[in-house]
Amino acid sequence: MKFVIVFAAFVAVALAAPLDNSQDAQILRYDNDNIGVDGYNYAVETSDGKSVSEQGQLKNVGTEQEALSVRGQFSYVGDDGVTYTVSYIADENGFQPSGAHIPQAA
């Protein structure tokens, strides 16, 4: 569970850190509804067009197959002015991203 809390804090810090010193983004929304032993849920939106939301929960608690299952999405405005959105699932099957700009396997 410590991993979940550290991971959530890392993501929040990464989103809050400005990439360009000429522009300081402000946090417009920060929701942290649930961070507990069995899971977490948070969302962050910044003034520079970035957003992230994620929820995770433990599956098969107390068994050999115990795993963290995460669903989320993040968006950002690219240098071309287009907003890119990536949705993902991360679980015992690995990281599975999807988005209109991500090539799909044939």
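## Reading the labels on this model

Mentor: In this predicted model, strands β5 (residues 83-91) and β6 (residues 94-98) pair in the antiparallel sense over five bridges.

Trainee: What makes β5 and β6 a pair?

Mentor: The cut-off is at least two bridges between two strands, and β5 and β6 have five bridges, so they count as paired. Within that pairing, Ala 90 stands opposite Phe 95 in β6. The two strands form a hairpin, with two residues between them.

Trainee: Glu 92 lies in the loop between β5 and β6. Why is the contact of Glu 92 with Lys 59 called a salt bridge?

Mentor: The closest N and O atoms of Glu 92 and Lys 59 are 3.1 Å apart. The limit is 4 Å between a side-chain nitrogen of Lys or Arg and a carboxyl oxygen of Asp or Glu, so the label applies. Lys 59 is in strand β3 (residues 51-59), so this salt bridge ties together parts that are 33 residues apart in sequence.

Trainee: How do you know whether Glu 92 is buried, partly exposed or exposed?

Mentor: Its relative accessibility is 48%. Buried means under 20% and exposed means over 50%, so Glu 92 counts as partly exposed. Lys 59, at 26%, is also partly exposed by those limits.

Trainee: What makes Arg 29, Asp 31 and Glu 45 one network?

Mentor: They are joined by salt bridges that share partners. Arg 29 forms one with Asp 31, with the closest N and O atoms 2.8 Å apart. Arg 29 also meets Glu 45 in a salt bridge at 3.6 Å, N to O. This second pair links strand β1, which holds Arg 29, to strand β2, which holds Glu 45, across 16 residues. A search of the whole structure finds four salt bridges.

Trainee: And why is Ala 25 called partly exposed?

Mentor: Ala 25 has a relative accessible area of 24%. That value falls between the 20% and 50% limits, so partly exposed is the right term. Ala 25 sits in the loop between α1 (2-16) and β1 (27-36). Leaving aside neighbours within four places in sequence, Ala 25 is in contact with Thr 46, Ser 47 and Asp 48.

Trainee: Which residues make up the largest nonpolar core?

Mentor: The six are Tyr 40, Tyr 42, Val 44, Val 52, Val 70 and Tyr 88. Strand β2 (residues 39-46) gives the largest share, three residues.

Trainee: What makes that group a core?

Mentor: To qualify, nonpolar residues must be buried and joined through side-chain atoms within 4.5 Å. These six residues form such a set, so the name fits.

Technical notes:
Residues are numbered from 1 along each chain as its sequence is written. This is a predicted model: local features need pLDDT of at least 70, side-chain atom pairs count only at pLDDT 80 or more; totals for chains, interfaces and linings use all residues. Side-chain values use heavy atoms; hydrogens and water are left out. Helices (H or I, at least four residues) and strands (E, at least two) are DSSP runs, numbered from the N terminus. Buried means under 20% relative accessible area, exposed over 50%, partly exposed in between (1.4 Å probe, protein chains only). Contact means heavy atoms within 4.5 Å.
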